[in-house]
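Please open the model in your viewer and keep the selection panel at hand. The tour below goes from stop to stop, saying at each one what to select and what is there.

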Amino acid sequence: MDSLLFLCARCVVSQHPLPTIPAHIYPVIFQVAFLDGRPLALRDLVATWQFPELHLQRLLGRRELDLDHDYRPCIEAIIQGVMEQLQQEQEEPGSDSRCQLRVLDMTGVPDNAFRLRLSLTKVLAKAYFEMSTYQQELQRHQRKRRKGRSGATTATPQLRGVDVHTDLCVKRNSYEILHKAIQTRAASPLRIKCREFQARDLSAKEIVTVLKSLDPSSLRRVDLYINKFGLKELSAIMPHLSRFQELCSLRMPCYVSDLHHRTPESATRIRDIAAQLGMLPGLRELNLEMLKVPGKLQQFLCELQTPLESLELRYSSLDPAELDFLSRSFHAPALKRLDLSGHNISRGFLEPLQLLLEKASASLLYLDLSECHIDDSHLSVLLPTLLRCSRLRILRLCYNPLSMAPLKDLLQKILELPNLHQIFYPILKECGGLEPSDFRINFVPDEERLAAAKAEFSQILVNSGRTDLIWTHDRKDHKAMDYFSL
């Protein structure tokens, strides 16, 4: 239920212009204006912000965003408020500003709020270009005016500006806007500090162009999402990452087309890529999803100087020897997140997987073994090892051909893990599921049997006093927890 203050704030944000507001009421007014979609109120509020910092995520608190709602007008209003303040300071340098804002933090937008991230990137790129152009024109006009008065130019007053911390999600259409802004090559009072750069379907050249423009002190995560290129393109990108010494996460869930070709040139490029990875001292999270690296995992990881805490290898065509290498590496005891989904456990993976899980058991928080062809006998063998993972919070077993009896046994025994929060299990064989592929294409389970199984699972949770545990077969029902929130 909303507080009385929240309800009163709704009345305030409906007025335009806004009435005089005490400084301590600004945060709740901002929260209401954003959630209720009041762009005019947001623009006026930001233009007169009474604090040096504005953190979007902190102001919104725990209130979840409606992912079907279009927040672009609100995002634009916030940036417009900042631009209004900066333009006033440029036109009247030295005058008292109504706004105290110096840091605008727009980070923390959820990964699944893709439209919001994309909108934020476009709005910021456009604002950066407009402010750079505006400043150039204003400075040119001011120099002419001062020269006309005194016969000599004088130094332009240094403006304080605003640092905008953000996550950039760049697709083809947003890249054109961002590239236009980068090409101005002008110092803008609107300084973009990118924390996470996500590239979607960009070429290697375009990715490099964006990387060159980013502040090396602020970038923490890089996500090259579904970019289909070869080792040549990947080796062209990697040298430009070494300047980001604070980078802690590198995600390359993309299909590199020529890794399976064993040539001297490809071997050299893999060594070069590994060397560049070794130049990232803060790297803790590595995603090689769909990279198709059969026999080459050790080569990619051999130069890393610090152990990884998160390693995602979905559908990466690993062989059992690579799991054995991983279990013997200094990464295993440090792993908090491990994703091995898409590997067939029946092809010699069971024993090396057991060994790897044993080595990671003291640290592991998240484990994904979806679509690994785990059957009833495999689960029985794995269960003792899973029970040693004392800190485990999330376990995913989706798209595996499992029956009711071993899953009941798993649930009853794994409840002893105190930190366990979510388990995603597959559609049972008794409900019509047989092979992993059956769950993907036009699969309709036996709803009556599925309901009976769910009721039985729920009763086990009630009897054990663990109704806090999320035990579900539907991955859409619950948001996946991010590595950094574990």
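Begin by selecting Y315, which sits in the loop between β8 and α12. In this predicted model, Y315 is a residue other than glycine with a positive phi, near 50°. Most residues other than glycine have a negative phi, and most peptide bonds are trans. Y315 is buried, with a relative accessible area of 19%, a value that falls under the 20% cut-off for that class.

Where does E371 lie? Select E371 next, and you will find it in the loop between β10 (366-368) and α14. E371 is not a glycine either, yet its phi is positive at about 55°, and its relative accessible area of 15% makes it buried.

For a backbone feature of another kind, go to H16 and P17, which are joined by a cis peptide bond with omega at about 0°. P17 belongs to the loop between α1 (4-13) and α2.

**The whole chain**

Before going on to helices, select the entire chain, which has 16 helices and 13 strands. Of its 486 residues, 52% count as buried, and its accessible surface comes to about 22400 Å², with 50% of that belonging to carbon and sulfur atoms. If you display contacts between residues at least 6 apart in sequence, 83% of them join residues that are at least 24 apart.

**Helix packing**

Now select helix α2 (residues 26-35) together with helix α5 (residues 72-91), whose axes come within 9 Å and cross at roughly 140°. The two helices, α2 and α5, are therefore oblique to each other. By class, the contact of α2 with α5 has six nonpolar residues and no polar or charged ones. To see them, show the side chains of F30, A33 and F34 in α2, which meet C74, I75 and I78 in α5.

Move on to helix α8 (residues 204-213), and colour A204, E206, I207, V208, V210 and L211, which are buried. Which elements do the buried residues of α8 pack against? Add α7 (172-182), β4 (190-200), β5 (221-225) and α9 (231-237) to the selection, as these are the elements against which they pack.

A further stop of this kind is helix α15 (residues 404-414), where the buried residues are M404, P406, L407, L410, L411 and I414. An α-helix has 3.6 residues a turn, so residues three or four places apart point the same way. The buried residues of α15 pack against α14 (376-387), β11 (394-396), β12, α16 and β13 (470-472).

**Salt bridges**

The structure holds 25 salt bridges, and a few of them are worth selecting one by one. Take R117 and E196, whose closest N and O atoms are 3.5 Å apart in a salt bridge. R117 lies in helix α6 (residues 114-150) and E196 in strand β4, so this pair ties together parts that are 79 residues apart in sequence. Are these two partners buried or exposed? R117 is buried at a relative accessible area of 3%, and E196 is likewise buried, at 2%.

Stay with strand β4 and select K193, whose side chain meets that of D215 in a salt bridge at 2.6 Å, N to O. This pair links distant parts of the chain, with K193 in strand β4 and D215 in the loop between α8 and β5, 22 residues apart. Both K193 and D215 are buried.

For a pair with another setting, select E309 and K336, which form a salt bridge whose closest N and O atoms are 3.8 Å apart. E309 is in the loop between α11 (297-301) and β8 (310-312), while K336 is in the loop between α12 (320-328) and β9 (337-339), and the pair links parts of the chain 27 residues apart. E309 counts as partly exposed at 23% relative accessibility, and K336 also counts as partly exposed, at 27%. Finally, select R117, D167, R195, E196, R221, D223, R251, E285, E312 and R337 at once, since salt bridges that share partners join these residues into one network.

**Last stop**

End at G432, in the loop between β12 (422-424) and α16 (447-464). G432 is partly exposed, with a relative accessible area of 42%. Add P445 to the selection and display the two C-alpha atoms: G432 and P445 are 13 residues apart along the chain, and their C-alpha atoms are separated by 5.5 Å.

Methods:
Residues are numbered from 1 along each chain as its sequence is written. This is a predicted model: local features need pLDDT of at least 70, side-chain atom pairs count only at pLDDT 80 or more; totals for chains, interfaces and linings use all residues. Side-chain values use heavy atoms; hydrogens and water are left out. Helices (H or I, at least four residues) and strands (E, at least two) are DSSP runs, numbered from the N terminus. Buried means under 20% relative accessible area, exposed over 50%, partly exposed in between (1.4 Å probe, protein chains only). Contact means heavy atoms within 4.5 Å. Accessible areas come from the Shrake-Rupley method with a 1.4 Å probe; for residues, only the protein chains shown count as cover. Axes are lines fitted to C-alpha atoms, for helices over the stretch in contact, and angles run from 0 to 180 degrees between N-to-C directions. Angles under 35 degrees count as roughly parallel, over 145 as roughly antiparallel, 65 to 115 as roughly perpendicular and the rest as oblique. Ala, Val, Leu, Ile, Met, Phe, Trp, Tyr, Cys and Pro count as nonpolar, Asp, Glu, Lys and Arg as charged, and the others, Gly among them, as polar. A salt bridge is a side-chain nitrogen of Lys or Arg within 4 Å of a carboxyl oxygen of Asp or Glu.
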